[in-house]
Amino acid sequence: MKACSRRAAPARPPHTGGVTYDRRGHGKSEAGPGQGTRRQDEDDLEALIERLGPAPAHVAGSSFGGSIALGLAARRPELFRSITVHEPPLVATVAEDPDALRQLRPTRASMDAVLAHLGKGECRQGARRFVEEVAMGPGTWERLPAAVRETFVHNAPTWLDEQSDPDWAEIDTDALARCAAPVLLSGGTQSPVWLATILDRLAAALPRARRGTIEGAGHIPHVTHPRRYAAALTRFVRTS
């Protein structure tokens with residue numbers, strides 16, 4: 001439910017342009033029947049890279065899109081020339097960290113409240129609560145352009161589906177360690193500390209990881225600080 005941030009986008013180097021796509025349940029892509037899984041999203045990304053080819057590709061994903069990219073990289077590392085991810089919510093990596101779990105508790109409570117709204121079909125109420133309590137902070141819903149608010153509302157049912165996937169927050173860090181592609185793990189200075197802890201865990205697993213910071217940004221920098229985010233991504237891709 002993060003507007004465009006839920007995309008994992010295979011991209012060509014900056015001088016030849018890039019490709020983005022609407023993943024399942026977003027934009028012009030229909031949701032599949034029954035319970036969806038992150039593995040399905042990974043398989044879609046795999047098919048796109050192979051169809052658009054030739055692999056390996058530069059791939060960028062934010063939030064759940066980052067989880068999709070890393071999940072596929074753990075299985076098919078040869079598809080990636082570089083990976084850029086911003087704050088993938090892979091909370092299973094901090095499941096045994098008491099400090100991270102304590103920091104995560106308020107967010108979990110807000111997410112449960114959002115899910116309660118969505119379960120009753122209250123997509124607008126759930127989207128607004130998600131934006132203000134999970135993704136961007138109090139008061140930000142009204143400051144968003146109307147089109148962006150409607151995107152959150154449209155994507156809301158998919159977020160409910162994602163959270164019902166028991167493996168949505170898992171990652172095989174041992175398999176991920178076999179990914180030799182350079183990886184930029186970015187975070188915002190205004191984001192919750194537990195997201196930075198997840199980035200620390202991923203950086204320890206990935207052999208060619210680099211940490212990056214988007215100053216002044218939070219969880220969706222492509223919406224709040226698009227120039228800074230694009231500049232950081234472009235610099236990394238050009239040197240990878």
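Is the crossing of α3 and α4 left-handed or right-handed? In this predicted model, the crossing of α3 and α4 is left-handed. The two elements concerned are helix α3, spanning residues 98-119, and helix α4, spanning residues 123-135, whose axes come within 8 Å and cross at roughly 170 degrees. Angles over 145 degrees count as roughly antiparallel, and α3 and α4 are therefore roughly antiparallel to each other. On the α3 side, the contact is made by Thr107, Ser110, Met111, Ala113, Val114, His117 and Leu118. Helix α4 contributes Cys123, Gln125, Gly126, Arg129, Phe130, Glu133 and Val134. Divided by character, the residues of this contact comprise 7 nonpolar, 5 polar and 2 charged.

One of the α3 residues in this contact, Thr107, can be described in further detail. Thr107 counts as buried because its relative accessibility is 10%, and the cut-off for burial is under 20%. With residues up to four places away in sequence left out, Thr107 touches Val134 and Trp194. Val134 is also among the α4 residues that form the contact between the two helices.

Attention now turns to charged pairs. Side chains of opposite charge can pair when their charged atoms come close. In the model, the count comes to 16 salt bridges. One of them joins Glu162 and Arg23, with the closest N and O atoms 2.2 Å apart. This pair links distant parts of the chain, 139 residues apart: Glu162 belongs to helix α5 (residues 146-163), whereas Arg23 lies in the loop between β1 (8-11) and α1 (38-52). Both partners are buried: Glu162 has a relative accessibility of 5%, and Arg23 has a relative accessible area of 2%.

A further salt bridge brings together the side chains of Asp44 and Arg24, at 2.6 Å from N to O. Because Asp44 lies in helix α1 and Arg24 in the loop between β1 and α1, the pair ties together parts that are 20 residues apart in sequence. Asp44 is partly exposed, its relative accessible area being 23%, and Arg24 likewise counts as partly exposed, at 29% relative accessibility.

Helix α1 also supplies Glu50, which forms a salt bridge with Arg76 in which the closest N and O atoms are 3.2 Å apart. Arg76 is located in the loop between α2 and β3 (80-86), so that this pair too links distant parts of the chain, 26 residues apart. Glu50 is partly exposed, with a relative accessible area of 45%. In addition, Arg38, Arg39, Glu42, Asp43 and Arg75 are joined into one network by salt bridges that share partners.

The backbone was examined next. Most residues other than glycine have a negative phi, and most peptide bonds are trans. Against this background, a cis peptide bond joins Gly53 and Pro54, with omega about 0 degrees. Another cis peptide bond joins Ala55 and Pro56, where omega is about 5 degrees. Pro54 is found in the loop between α1 and β2 (57-62), and Pro56 is likewise placed in the loop between α1 and β2.

Positive phi values occur at two residues that are not glycines: Ser63, at about 55 degrees, and Glu87, at about 50 degrees. Ser63 is situated in the loop between β2 and α2 and counts as buried, at 0% relative accessibility. Glu87 occupies the loop between β3 and α3; with a relative accessible area of 2%, Glu87 is buried as well.

Helix α2, which covers residues 64-75, includes Gly65. At 0% relative accessibility, Gly65 counts as buried. The C-alpha atoms of Gly65 and His86 are separated by 8.7 Å, while the two residues stand 21 residues apart along the chain.

Key: Residues numbered from 1 in each chain as written. Predicted model: local features only at pLDDT ≥ 70, side-chain atom pairs only at ≥ 80, totals over all residues. Heavy atoms only, no water. Axes fitted to C-alpha atoms, helices over the stretch in contact; angles between N-to-C directions. Helix = DSSP H or I, 4+ residues; strand = E, 2+ residues; numbered from the N terminus. Parallel < 35°, antiparallel > 145°, perpendicular 65-115°, else oblique. Left-handed = near helix turned anticlockwise from the far one by under 90°. Contact = heavy atoms within 4.5 Å. Nonpolar A, V, L, I, M, F, W, Y, C, P; charged D, E, K, R; others polar. Buried < 20%, exposed > 50% of the residue type's maximum accessible area, 1.4 Å probe, protein only. Salt bridge = Lys/Arg side-chain N within 4 Å of Asp/Glu carboxyl O.
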